[in-house]
Amino acid sequence: MKKFLNILLQICILFIFSYIGAVIHNLFHLVIPGSIIGLLLLFICLCLKIVPVKYIENGAGFLLSTLMLFFIPSTVGIMNYPSLLSIQGALLVAAILLSTIITIAIAGTASQFFEKKAQERKDDKECSKFSSHSA
Amino acid sequence: MQQILFAFCMILLTIVVYFLMTRIYKRYSYSFLIPVLTATTLIIVILSVFHIPYKSYMIGGQWISSLLGPSVVALAYPLYKQRHFLINNLFSILGGVLIGAISGMVSIGLLAKIIGINQTLILSIIPKSLTTPVAIEVTKGLGGNVSMAIVGVMVAGIFGAIAAPTIFKIMRVYSPVGRGIALGSASHAMGTSKAAEYSELTFSMSSVTMTLSAIIGSFLGPIVVWIFHI
């Protein structure tokens with residue numbers, strides 16, 4: 001029971017951050033969603049130790065573990081669009097598949113390249129340190 | 001009073017169906033049995049059988065949906081836990097995530113435009129590589145359709161996790177960093193759970209990438225739409 005109340009209270013804290021984000025979003029007419037602003041605010045607060053991690057960790061863990069449940073009501077909305085089971089729907093799915101392949105290929109190759117570059121730079125630094133030492 | 005009772009029944013229905021489907025998924029663990037897919041189908045069948053329109057269902061459903069906002073905020077927690085890891089690999093992660101996010105959004109935007117899909121649908125699938133709660137928000141902001149966005153996210157997630165190993169082989173992506181970033185930026189949470197099968201490092205990479213993609217993607221979405229006149 002105590003644990004349940006603890007989680008509930010922590011979810012309330014997360015709600016407050018999401019609400020503040022929404023207020024900022026509306027106030028400045030930003031295109032970035034309010035919840036993302038809330039995420040960034042919470043991250044900054046955690047890093048600056050304004051909000052201790054133990055105030056949100058149970059609530060965050062609970063929400064993230066049951067995340068799938070929260071988008072089911074929105075997914076059910078697909079029942080209003082039976083036209084998706086048509087040729088256009090199939091084409092759309094094909095476009096998503098192709099785009100996913102492209103993304104994985106490009107992101108994977110690029111990141112591997114960046115990693116190698118970063119590694120080389122690190123090696124260079126160590127090398128120059130070593131050579132200056134020996135000189 | 002009757003409406004409150006009805007709303008309560010809809011909430012209960014969603015939760016019960018969800019947990020039932022989660023148990024089935026854990027027992028058989030085929031990727032096409034993911035609870036979102038099966039639970040959604042079952043709820044649609046139940047609603048159709050009892051002639052309940054979606055609008056009435058959402059009287060209860062909106063209460064469950066309202067937890068999406070705090071869930072997005074909650075993503076700050078895993079990001080915070082991995083902050084040291086993030087700082088140590090800042091250059092490769094940021095570069096990879098940025099390129100991944102751009103290629104994901106631009107490729108789907110162009111492909112959909114070439115095929116000639118209508119504007120609302122394109123706007124709904126632009127954020128398909130972002131994690132669902134964020135994709136929902138981004139789609140709303142762009143003026144797309146939320147249900148369609150979720151379908152796009154699911155397709156990208158499931159397919160990415162299935163196809164990734166083959167793509168890695170063809171493109172010779174062997175490093176855990178490259179694999180993690182590719183999975184996280186193309187297939188969000190499902191890619192991340194696939195990444196966990198490779199190694200601890202691949203998993204951390206993928207989960208950090210997923211969160212960063214969500215943040216970068218919410219900035220990038222409107223820009224891509226604006227540049228390509230979608």
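These entries record what I looked up in a predicted model of two chains, A and B.

**Entry 1: interface of chain B and chain A**

I began with the contacts and found 91 residues of chain B touching 70 residues of chain A. I then looked up the buried area. The size of an interface is often expressed as the accessible area that is lost when the parts come together. Here chain B and chain A bury about 7100 Å² between them, and carbon and sulfur atoms account for 81% of that area.

I next asked which element supplies the largest share of the side of chain B that touches chain A. That element is helix H10 of chain B (residues 146-171), with 15 residues. By residue class, I noted that this side of chain B divides into 60 nonpolar, 27 polar and four charged residues.

**Entry 2: polar contacts and salt bridges**

Across the interface of chain B and chain A, I recorded 11 residue pairs in polar contact, both residues at pLDDT 80 or more. For salt bridges across this interface, the rule returned zero. I then extended the search to the whole structure, where the total over all chains is two salt bridges.

I examined the pair A:Lys117 and A:Glu120, which form a salt bridge with their closest N and O atoms 3.7 Å apart. Both residues belong to helix H5 of chain A (residues 87-134). I noted their spacing of three residues, about one turn of the helix. Side chains of opposite charge can pair when their charged atoms come close.

**Entry 3: helix H7 of chain B**

I checked the length of helix H7 of chain B (residues 90-115) against its residue count. Its 26 residues, at 1.5 Å a residue, should span 38 Å, so the 37 Å between its end C-alpha atoms agrees. I also looked at what follows H7(B): the residue is B:Gly116, and its phi is positive, near 90 degrees.

**Entry 4: domains**

For chain A, I read domain 1 as 1-71 and domain 2 as 79-135 from the domain assignment. The C-alpha centres of these two domains of chain A are 29 Å apart.

For chain B, the domain assignment gave me domain 1 as 2-66 and domain 2 as 76-227. I recorded 27 Å between the C-alpha centres of domain 1 and domain 2 of chain B.

Terms used: Residues numbered from 1 in each chain as written. Chains lettered and ligands numbered in written order. Heavy atoms only, no water. Contact = heavy atoms within 4.5 Å. Buried area = accessible area lost by both parts, 1.4 Å probe. Salt bridge = Lys/Arg side-chain N within 4 Å of Asp/Glu carboxyl O. Polar contact = N/O pair within 3.5 Å; in protein donor to acceptor, adjacent residues only side chain to side chain. Helix = DSSP H or I, 4+ residues; strand = E, 2+ residues; numbered from the N terminus. Nonpolar A, V, L, I, M, F, W, Y, C, P; charged D, E, K, R; others polar. Expected span 1.5 Å × (residues − 1). Domains from an automatic or database assignment.
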